[in-house]
Each structure stands twice: as C-alpha cells, then as structure tokens.
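Visitor: I have this one open for the first time. Can you take me through it?
Guide: Yes, here it is.

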Amino acid sequence: MKLQQTLAGLTILLAVTGFSSCKLFNTGDSDTRGSVIIDKSKEVALDSDNGKRFDILTGKSTGIDFVNDLTENYEVNWWRYSYIYNGGGVCIGDVNQDGLQDLFFTGNLVPNKLYINKGNLKFEDVTEQSGIVTEDWEFSYGATMVDYDGDGDLDIYICNSRWDDPEKRTNRLWVNNGDMTFVEKAKEAGLADQSFSTHADFFDYDNDGDLDMYLVTHPVDFIDKNKTKYFQKIEKGVNLSDHFYVNNGDGTFEEKHLEVGINNHGYGLSATVGDLNNDGFLDVFVSNDYAMYDFVYMNNGDGTFRDESLTSLKKTSINSMGTDVSDFNNDGFLDVVVADMDMEDNYTYKTFMLSSRVEVMRILLNAGYGYQNRSNSLQLNNGDGTFGEISRTAGAATTDWSWSTIFADYDNDGNKDLFIANGFLRDFHVDESETYHKLRRAVRIQDSSVYYEVRDKLPHYVLSHPNFIFKNNGDLTFTDARDEWGIYFPSITYGAGYADLDNDGDIDIVSSNVNETPWIYRNNSQKMDNNNFLHFKVEEGYAKNSMGLGTKVRIWVNGQQQFIQHANVRGYITTMEDDLYFGLGNAEKVDVVEIEWLDGSRQIMRDVPANQVVALRHSAASKNIQFDPHPMGEKLFVASTAETGTDFVHKENDFDDFLREYLLPHKMSSLAPGIGVADVNGDGLEDFFIGGAIGQSGALYQQNANGTFTATSFAADHAEDAKMEDAGILFFDADNDGDMDLYVASGGNEYPENDSRYADRLYINDGSGKFTRAADALPAITVSTSVVTASDYDKDGDMDLFVGGRQVPGRYLASTSSYILQNNNGKFTDVSQKMAPDLKDLGMVTSALWTDFNNDNQLDLIITGDWMELTFLKNNGGKFENVSAATGLGNTTGWWQSISGADFDNDGDMDYVVGNFGTNRRYRNTVAESDGRALPLEAYLADFDKNGKEEFIMAYYQHDALYPVKTRERLLEQMPSIGEKFPDWDSFGKADLTEMFGAENLDKAIHKSAYIFNSAVLINEGKGKFSIKFLPNEAQISVLFGMVTDDFNNDGFVDILTQGNFYNTEIEITRHDAGTGILLLGNGDGTFQPARSYITGFRNDGDSKGMAVILAGAKKQPVYLLGNADGPMASFKLINPITTIPMQANDARAIITMKDGSKRTVELYAGSGYLSQSSKFIRLTPQMESIEAVSYSGARRMVYPAPTAAK
C-alpha cells in the first residue's frame, strides 16, 4: 500500500539538526500525530536531477520493481510477532562478475529477488532464471552475499524466522554455479539452522583461510523482553543463544557456539566484525534489542572468544538495531556506531511509548545489565579495544527509529560520513497502551473478531521520515546534510548499503524500503567536486577466503592516515562485496598503501595515482615485509599507582539524592575527591592528602625517601570527622609558624541545610605532620562548600582564603554564598560583606582562582559554577568589584566545574582553561529559528504545585518554544498534580513550559540559564578583555574536572593535562563516562592539539575528579595524582626525567624570559583545577633563558640560571 502524505509542520532538533514525521494510513485525522512533522519545502523530487549531491531514484527509474509489502491484518501484526515489522535486507555484490554490482532483496511476506546491474543504474530481475526460489513459508530477514566455499563466486545465505514450526524457519544457502544459476545446499553444508535467526556474518575467525559464521538469533519470548530473566535463562540452559558455525575446510560447517565461548540470550539484530583491539584476529560486535546489553566478543586467537561486553563498553544503546564497525576519525582504530530509537521531535519523544520506560533502565542497571542509553551509540575506540560513547558530541545521537548505519566517504573528502536508515510501520503512543494490550490479548485467545473490533478503533500511524546522512567534519562531529545533499524525502527504510553502482568513482546508496520499491541514491559527487578517490578490490584472496575478508588497508596522504578493514556485513541485515573506498580530497596520489591479510602477509605500494581501482592480490604479499614506522606521537606517561603506593580507595556513601529531588540532573552528593600537596613534616619531601566521603575520613600520605608514599594515622586520628564529606583540599601556613596546615572544605548534599556537619575544618600542623583540628579558628559557617584556595591578596604577610559555597542542600539551583576569610594571626574572619559583597548568594560555586587577570600586580578572583557566568572579581586595593560584564566574553553562563591559569600564548599575561560539562549530553543550548540568536538551557525552582515542596524544572528550546526536559511520568513522580492538568500523554506532549506551569509562577521562580557547555580557554587580550576559544572536541566528550598545566613536550608552549567523568547522573540524561584523560598540546596561540590516552600513556577512565601534581624522589620528578569518586585513585609519572625547579610556598608567580626574548608569566597557585592543590615548581625547558620568582609581597629573586639575593 502506497503511503499517503498528510500535513506538514516544522520542528527543530534536540541534539542534532533534523525533523521527524508521523504518517497516518487512514484519512480524516489532523491532530499532531496526523501531521507529517517535516519541512516539505526541503523535499526533493524523486527520479529527478535536483542539482544536489544525491538524486533519489525509485523503481520507476531503475527497473527494480521489488516491493516488500507488509500489510497489517489478523495474521500479520506486531502483537502476534513483535519483529513482524523489522523489514527486509539488501545484498550488494557482483554476482555475474561483469564488473557491476548487483542487488538481492529479501522479502518478509513476498519472494526474495535478485537483480542484475545492466549499467547506468538500470537493473533487471533475474530471480526466475537464477533458480532462487522463495518457499511460501519463508519469512526472510537478512541475507548474506558471500563466497562461502572459496570457489570465486558469490553465494547467498538467507535467514528465516517468525514461525513456530522450526521447519518453516530453516535458513537457506543458495550456491552459485558460476553460470548465474543457483542451487540450494544449506543442509548439505550443515547450515540449515532453524533458530529464529536475523542475520549471518561469515568471516575467518581462526585465520586458517576459510570462512566461519556467526549467526545472530532472537528468542520469541517477547513477554520477557524487558525483564531481568536473561541470565537465569542462560544458567538454566533454556536460552536461545546466537550460534557459531566453524568451517570444517571441506565445504561443511559444524555448530560450536559453546565450544568457542559464546552462550548468550539476546534479541540480536546485527553482528559486525573487525579487529577491535588490533591483535590480528577478528572480534565480534553484536547489537541486541531490549534489555540485554550489546555483546563484544574479543577473539583469543586460539579458537575461542572472551566476553568483554561490560568492560570494553561504558554504556550501550538499549534498543540496538544496526551496527557498523569503521575508523570514522582516521586514527587507525575501529570504532562502532549503533542505531537506536531516540525521537527528535518534542511531541513524539514525550508520547512515544518507549521514551517513558526510564524505570526499566534503572532496573536493568541494578540487575547487572550494564548502563544503557536510549539513543544511537557512537563508540570511539580508545586505542586498546575499549570505547567511549560520544554520539551526543558527534551530533549523531538522535535519528528516530533507526536501522541500518553505514560509514563511507560519500563526498570523497577523506572523512567517512554516516548514513542512517529509519522508520517503522507503527508509531507506539503511550495513550494507546491499553488498546495495544487488548490487541495482544485478542491474538493470544485467537479471537479475530475482537481483534478487528479493537483494531478498527485504532488509527494506524507509522513513523516515516527522511533517512539521515551526516557529513563528517573531521573533528569527531557530524553535520546533518539531508537537505544539502538531496536525500530529504520520507520513507520507511530498513536495510541499506553502498557501492559504486555506476563505476563513476563515487559511492551510491541502496535502501530497502517497506511498501514501496527500493531506492538508489545516485551520488553526483564526481560531477560536483574536484575530490579524488582510490578504490581497492580484492581480485585474488587466498585459500578459501577468496574475498580477502578481514584484510586491512591503510593509506597515508600527506601524513594523514585512513584505514578500512574489509568486511562485507555492515549496518542492518545488509551485505556489500566491496567496501574499500577511499576519498582523497584534492590529493592526486596516495603516498603509501599498506595491506595486511589475515594470515600475516603484507604488501606496500607507494605513490599510487588517484582515481583508479587497484586490484589486490594475495600472491603479491609477503610475510617478510616490514611496514614503515608511523609515529602517532610521543608517549610521555606511565602508570605508577602500584609502584608509588598511591593506593587510596574512595568509598562513596550510599545516598540517593533523587529520592528527595526527583528531577535532579545528577547527584550533588558525590562531587569529590580533591587532592592537596605539601611537605607536611619538613623533610624536604612533598606529601599529599586526598579527601574521603561521608563515613570515610580523608587520608594523608607521607613521602618516603625512595619516592613512594605511605598512609599515616590521620584517618584514625580524626575518625570523628568521617561524618563529613570532604570537598576542596588545601595546605597552607595558617598560623605563620613555617609549616603547612590543612584546610578541608565540607561539602555534600546529604544533610539538611545549615547542618553543623557542613562546617569546614582547619587542622593545625605541629611541624612533624601531626594535625589537630582548630575548632575556633574559622567563623561559624555551615554552608555546603566546594573549593578553597589561598593567597595573600592584601599583602599583609599571611595567607587569606576564598571558600566557595557549592549548594543549598535539597534545593538544587538555589544560590548560596561564598566567602573571603581574612587571616588575622591564624584566626579567620569573614570579610565578604565588606570586601566582596557580590559573594552574597553568588551561586553554586565549583572552583576559583586567585589570579592577576588584568596585570596590575593585584590578585583578583575568577570564580566558576553551575548555572553561573564566569565571574571576574577585580581587586581594587583589597576590595573586589564584579567586572564580568566588562571582559568582552558576553554571556558565559554554563555548568563550569574547574579553572586553572597559564600563559598559553607567551605574551606575559595570564590566560585560563575552564572545564565545563562538555557537549556529550542530551540537552544543550540551541539557536532560535526566528533570528539565529543563541538559546540556552533554562532552569526553574519553585513550589509550582503549592504543596510546600519546591520542584526543579529544566527546560530546552525547540521551534523557539520552551519545553520541559522530563517526560510526563518523571514529572508525575515529583508533581502528581501534573496528571490532573494533563490527563494524557498527548496533552502533555503538546504543552510548552508556560502552559504547563503558568507564566506568573515561572516569573516568580528562581530562574537560571546555561548558554555554554563547551570547555574552553580564555585568552587574555589585555586591559581586562578576554576572548573565548573552545577546546578541541576530544576534550568535550565528558566533563573536565581535574587539570594541571605545563610544557609537557618541551616545545616552549604550555599544555593542559586534564581528566573528568561524572557517573552519577539521572539515568534519563545518561552519565558522562567517555573521558579517559587527555593531554592538550599548546600551539602557542591559544589553540591546542589533542593527544589521546593511547598516544600519551595517560589514562584514567574512572569517575575522575580532582588532580594534583607532586614532586617525588631525590630528583624531584612529577607524579600526577588522580582522584576517582567511589573508586581507587591512580597516579602517573613521566617516562623521561625532566629538570624541575621547586618554588617556595610564598612564591606567587614566576617570570620566565625565553631565549627568543618573549616573556611567560607562571602563576603559582595555592589551590587550582578542581578541589585540588599542586606542587609549586617550574619545569626547565631548552627555550628558557632565565626564571625570576615573585613572592606575594612583591619580593623578587632569580632562581635560574643562578639564584641571587632577594631584591
């Protein structure tokens, strides 16, 4: 049945630019669901030359008359078999070996068909002549076009499913006779599997030269699909595991899933292979629908696999569909993309049945099914076979109900773009849940009259919208190019793949649609651009792997690598014979080509001209060839946790913030630990303190002469203080007696507001490293605090403090006060009201820095916080003035977490790096459709339902209208009255924030905005003016907390070492866990080159928070101390020793004169980064001519090349 277009209306994205649609089969409805929510002005004409990168050709133009007709009735419906609408697949390969790629389509209720490519994108149906017969009982999903027997031509393996009778589920193997006829031999080959199978992936798993097979299956106990019964079924042996067929080498196979280490139970929808950990063996990634997490089977190389699903992936999609394994960022490691069903339109998201099942995800997490996320997943390879999920940063997370996902360089610019097919023959609306249950019951009791009676009252809406294509920007991000590239036309598409169907040098796309002919997206790039290409085709494989599957091809052009590992099963129920397509941009040749076959044979080609197809022959390769060295960058760090004895384990107390504040974006009780560094016992060796959580005292570690550390009795000596949550940590000489005392800020969210357990603590050092709490030294402040940092801002010879107020417990978004504590002979006085009145109810402060930001020799303050602007307080002779508006930065409100300073451009003034939450999150600021102005994320706090308890409401803009972030069921938990005002999901989905809460109530509420989520550097332009530059996207994939600055690669420019994750987020928003730590190498102009963990050796993927550097050992070498929330700390040291110049505690800054005459300012902070304090030292690099230290009082002394008396 041809789908009928209805009305259109414009919408805006959540996280990616795009539109959504929902079509209605019957006529007469004109409500929100009945409208096609797309921009009809962007729709292209079918079967026409539209002047864009692609033209959409239907069967009218191509001759492909196949239609996968799925018409719903009593026998064919979702309630009888939940995978009835999972669509048909496509195979692309040169079946008749004429140099043109042919097509094979699977039908669910219609016969499968084979089409021969006649050239010029014209195809001929040769199914009948080929001998391929589809039996009446066959319900086919995926087919695999592969030379399974190694005789040089392509065979076709078909997966069948649906029926209870196993004979009707028998998979079929059509063997190519070499003359364009086929004969069915599944039983003879041992491949007549009768599981409920989805797709088969043939690959050489043991590198023995023949192809084995992974068969993806799905059970049909759909009633248990979202229940935590999977593990029990496996344990009881009643599971339906995926199967694994080992090739016997004689054209037959034997099923051995248990023997090879695979025993699972999941609703599998795809399996894609690749060498995920670069050990030379093919690993398997399996996507699973519903509750079971995706599987990662790492190949042991001995004929078995190990399951690393929960260790290699931090989180997965919850309804995983198609997958692709490809190196999308050209770093030489295979990444993974997985399709899910995240709705981009506000109404569809709020009313779509699966969007509301947040509680299911909570249950699964607690039951050991891993952290799952309702959006596409883009798993960025960390270089070691572990992955970080970055789909939100990439801009490719939200593509509605999605299926096939295919990476390829569609514009030949050298970066792999991303095509995602989507659509479904049913829009599941929450308001119709009861009707769905009635239909399921009618099917179960086999009552067709009841079924049709109920069914006739249910409008048949479907999800139909343009497939997505994303242009790869070459910086981890993608741009939605559906409109620009000419594929903007709605369809319901399942299988999709690519090939150069017309041999013109660019890649065309084939999509298998439902209820209409397949489409060919004709690529016009070679007519539009001057970009060049280089294609490789395996002309001669080896043994029985004639297709050379698993072969790695790497090319280098002007020092930039591209990498493809040859695989034929990609996306969703799709196979392709050829995938070795490389775009070259304007390069006219490839400098080096490196080919590595699975048996270890290698081949090198040099200076290969562009715009040709290069034949690959195994006979031209040799196992004696050595590839050229291709340095990725210098490894600088090595783990030293065990070696140094830095063995503290942070143990977070069990407190559920969400029970009190249902709508929090993340926990506010697990924000630590921080770390402080100082020589506490006067032995010339620096020691450190790391904070604990409630129920666990922080720990003091003293350094031994050999550079190792030993925990002292501090925790036992101060066990009574374990009732407090340690936040910021600071060593300083509070009483001017020459030793370092300890200040520990008390934070957290567990206790009531103004509870005495929020009082900060000052511990006085007796000079030997023994500390006594000074009960009366601090003013009586019981605010939950965060940062503490010290300086002699008034130049009276002692160290004063800034203490940041973090939060009002139980009232997220409410502002609290921060403080300046003036030191008067070891007693501290709150002088905030007199010296800095702007600190009153300043906000939710996270970090701060005493710094001279305007170069007037006065120490000013820069303060960061949640829902706060970057706050600049200028020191005017001891009094502080808020000059944020005069900095030239504009509106900087964000979720800022950390700050440190350095002279990044060597111009003598201070620049700053500020850590934010990053871009890898669902809700971000957007841009107004009306005038292009920036639109923020908004937040409100008020007692909206007048029940005596405040509610926190977060809202985002779409279509320039403001909508609540949360779904109806989440708001009902906090505000039951929402159910009275909006009795169904339909009315809730249509309501904007004002309609929901009322303009007057919103006006009276506490209201804050966040415009920026990118971490950034602030470049000092002089005279108190700054410009902001976002850090590279590699630094935006998670929160940035701990940070230190130094010239790590000794090139004369300051770099940034930083880390951060935030695990304890509200599950609907998804946790921030993609960070592994990153080194940002400064270019000397305020820009940075990212060096990821696999390059530098610096890696911390825990719930990472504070960071500090300490000098250790006789040679005073830096050790980088890393704090993790609810986990063990880590430490790293430098591989190559450096020369350090330790500075004194009262040194405020150093002036470094470089050999080129430029000057660099280094401020020496007592507290910086996130809740932490590092050693004061200077790294000596070859570019330095001299170093002069300046104390807080202004006294100067030369520390390099030769110390002189203080001036």
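Guide: A term to begin with: a cavity is a set of grid points where a 1.4 Å probe fits but cannot get out. Keep in mind that this is a predicted model.

Visitor: OK. How many cavities of 30 Å³ or more does the structure hold?
Guide: There are 13 of them.

Visitor: What volume does the largest cavity have?
Guide: About 430 Å³.

Visitor: Which residues are closest to its centre?
Guide: Its lining has 28 residues, and those closest to the centre are Thr1045, Asp1046, Val1162, Glu1163 and Phe1177.

Visitor: Which elements give two or more residues to that lining?
Guide: Strands E65 (898-902), E75 (1043-1046), E84 (1159-1163) and E85 (1177-1180) do.

Visitor: And by class, what is in the lining of the largest cavity?
Guide: It has 13 nonpolar, 8 polar and 7 charged residues.

Visitor: What about the second largest cavity, what is its volume?
Guide: That cavity has a volume of about 150 Å³. Its lining consists of 18 residues, and Glu1034, Ile1037, Gly1075, Thr1076 and Gly1077 lie nearest the centre. By class, the lining divides into 8 nonpolar, 8 polar and 2 charged residues.

Visitor: Where does the second largest cavity lie with respect to the domains?
Guide: It lies between domain 1 (62-425 + 460-533) and domain 2 (637-921 + 1011-1200), because both give residues to its lining.

Visitor: Changing topic, to helices. At what angle do H9 and H10 pack?
Guide: Helix H9 (residues 433-444) and helix H10 (residues 448-455) pack at about 160°, and their axes are 8 Å apart. Angles over 145 degrees count as roughly antiparallel, so H9 is roughly antiparallel to H10.

Visitor: Is the crossing of H9 and H10 left-handed or right-handed?
Guide: The crossing is left-handed.

Visitor: Now the backbone. Which residues does a cis peptide bond join?
Guide: One such bond joins alanine 672 and proline 673, with omega about 15°. Proline 673 sits in the loop between helix H13 (641-644) and strand E48 (675-678). Another cis peptide bond joins tyrosine 1200 and proline 1201, where omega is about 10°. Proline 1201 is in the segment after strand E87 (1196-1200).

Visitor: Why point those out?
Guide: Because most peptide bonds are trans, and most residues other than glycine have a negative phi.

Visitor: On that second point, what is the phi of tyrosine 290?
Guide: Tyrosine 290 has a positive phi of about 65°, although it is not a glycine. To find tyrosine 290, look in the loop between strand E18 (283-289) and strand E19 (295-299).

Note on methods. Residues numbered from 1 in each chain as written. Predicted model: local features only at pLDDT ≥ 70, side-chain atom pairs only at ≥ 80, totals over all residues. Heavy atoms only, no water. 1 Å grid on protein atoms, 1.4 Å probe; cavity = no way out; pocket = protein on both sides within 12 Å on 5 of 7 lines; lining within 4 Å. Points joined across faces, edges and corners; volume = space filled by probe spheres on them. Helix = DSSP H or I, 4+ residues; strand = E, 2+ residues; numbered from the N terminus. Nonpolar A, V, L, I, M, F, W, Y, C, P; charged D, E, K, R; others polar. Domains from an automatic or database assignment. Axes fitted to C-alpha atoms, helices over the stretch in contact; angles between N-to-C directions. Parallel < 35°, antiparallel > 145°, perpendicular 65-115°, else oblique. Left-handed = near helix turned anticlockwise from the far one by under 90°.
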